[in-house]
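Reader: I'd like a close look at one part of this protein, the largest pocket. Could you walk me through what lines the pocket, and add a word on the cysteines?

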Amino acid sequence: MIRTEQLASDTIMFHVPGQFNKQVAKELSLLVFRSYHLGCKTFLCNLSPAMALDKDAYYQLTLIGEGLRDKGRNWRVISPPSSNGNQLILRTGLQFLAPENLN
């Protein structure tokens, strides 16, 4: 079950535990859609508690991000730390962001 956290009046974070599959992607899409209509402008998706991601999951995250970007919104996906200590951030492509920049 995806947990949501309101970080500011226009910023929301989704915490995705367990395996990220098609059903979870659909649930996330619906939560993003609802939050968009409630006025959120910045969307963060925390995949740190997620156990498994496949390329279909990354594709779904990219589709959500592209849809939000086309509407002028911000989308960030935070995934578990890699072996070099950086955090992987997915926007519509992949970028690396140092952990100290996440606070």
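Author: Cysteines first, then. A disulfide here is a pair of cysteine sulfur atoms within 2.5 Å. Searching the whole structure turns up zero disulfides. Cys-40 is buried, at a relative accessible area of 4%, and Cys-45 is buried too, at 0%; buried means under 20% relative accessible area, with a 1.4 Å probe and protein chains only.

Keep in mind that this is a predicted model, where local features need pLDDT of at least 70, side-chain atom pairs count only at pLDDT 80 or more, and totals for chains, interfaces and linings use all residues. Residues are numbered from 1 along each chain as its sequence is written, and side-chain values use heavy atoms, leaving out hydrogens and water.

Now the pocket. On a 1 Å grid over the protein atoms alone, a pocket is an open set of points where a 1.4 Å probe fits, with protein on both sides within 12 Å along at least five of seven lines. The largest one has a volume of about 180 Å³, counted as the space filled by probe spheres set on the points. Its lining (residues with an atom within 4 Å of a point) is made up of Ser-29, Val-32, Phe-33, Tyr-36, His-37, Leu-63, Ile-64, Gly-67, Leu-68 and Lys-71. Two elements, α1 (22-37) and α2 (55-70), each give two or more residues to that lining; helices are DSSP runs of H or I, at least four residues long. The top contributor is α1, with five. By type, the lining splits into six nonpolar, three polar and one charged residue, with Tyr counted as nonpolar and Gly as polar.

Methods:
Buried < 20%, exposed > 50% of the residue type's maximum accessible area, 1.4 Å probe, protein only.
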